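Here's a quick tour of a protein chain, written for someone new to reading structures. Have a look at the sequence and the 3D view, then work through the notes below.

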Amino acid sequence: MSSPLTRLIREEIWSAKLLSIQDVKLQDVQSGLESGLQAGLSSSREERELFLKILSRVVEDARTLAEFRLLKASLGVEPPTDSVDGYVLRLVWRMKKFLALLYSGSSVPHGRRLLAYFKSSCGRYRRGDVVLLEVEKTLPFYLEDCVELVERPIYSYLQLRGEVLRTNG
């Protein structure tokens, strides 16, 4: 495994929280690859092959780190606000909440469409619009926090009583 990514993976595994990954940590990985790439261009065939194996390992390590962080976020671990990937991890939270609303039947459906209330202007829609949208068109607006799904009244009542399992939002 590549050294900076190996450390990040190890730290992430042992931490109950999602670690804050700063630009500096990623720049360590990138600068190591840059120097290796420059040296690899002028080296022998065997050295280039070795460099390509190392590069594929770095990509594999990066994928492992990404999968682990996405899994932790989807399990409800709060994403750090100052992390390079904080925005993406918060989208995972919102997607989880969206799917819970979809699966529970709490949102008001009409076929494959959902009733969405625009709480801010997005795209061609304005704040206050109530629109029936296909699920796949609703999701991007939901992820950007432009819409709320209109819920059936019984679910809103249960939430007020605290009887519905709340999702991270």
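Let's start with Arg69, which counts as buried because its relative accessible area is 2% (buried means under 20%, exposed over 50%, and partly exposed in between, using a 1.4 Å probe and protein chains only). Keep in mind that this is a predicted model, where local features need pLDDT of at least 70, side-chain atom pairs count only at pLDDT 80 or more, and totals for chains, interfaces and linings use all residues. Residues are numbered from 1 along each chain as its sequence is written, and side-chain values use heavy atoms, with hydrogens and water left out.

**The whole chain**
- You'll find 6 helices and 4 strands in the protein chain; these are DSSP runs numbered from the N terminus, with helices being H or I of at least four residues and strands being E of at least two.
- Going along the sequence, the order is α-α-α-α-β-β-β-α-β-α.
- The chain has 169 residues, and 30% of them are buried.
- Take the contacts (heavy atoms within 4.5 Å) with a separation of 6 or more: 57% of them link residues 24 or more positions apart.
- The accessible surface adds up to about 11,100 Å², and carbon and sulfur atoms own 58% of that (areas come from the Shrake-Rupley method with a 1.4 Å probe, and for residues only the protein chains shown count as cover).

**Three residues of helix α3**
- Arg69 sits in helix α3, and leaving out residues up to four places away in sequence, it touches Glu12, Leu18, Leu19, Ile21, Ser83, Asp85 and Leu89.
- Leu70 belongs to helix α3 too, which covers residues 45-74, and Leu70 is partly exposed, with a relative accessible area of 36%.
- Leu70 joins Tyr87 and Val88 in a nonpolar patch on the surface, with about 270 Å² of accessible area together.
- A patch is made of residues with over 30% relative accessible area and no salt bridge, joining like charges within 9 Å and nonpolar side chains (Val, Leu, Ile, Met, Phe, Trp, Tyr) within 5 Å; a salt bridge is a side-chain nitrogen of Lys or Arg within 4 Å of a carboxyl oxygen of Asp or Glu.
- Leu71, also in helix α3, is partly exposed at 45% relative accessible area.
- From C-alpha to C-alpha, Leu71 lies 9.6 Å from Leu89, and the two are 18 residues apart in sequence.

**Helix α5 and its surroundings**
- Which residues are buried in helix α5 (residues 135-143)? They are Val135, Thr138, Phe141, Tyr142 and Leu143.
- Those buried residues pack against α4 (86-104), β2 (113-118), β3 (130-134) and β4 (147-149).
- After α5 comes Asp145, which has a positive phi, near 65 degrees.
- Over in helix α4 you'll meet Leu99, which is partly exposed with a relative accessible area of 28%.
- Leu99 and Leu139 are 40 residues apart along the chain, and their C-alpha atoms are separated by 9.3 Å.
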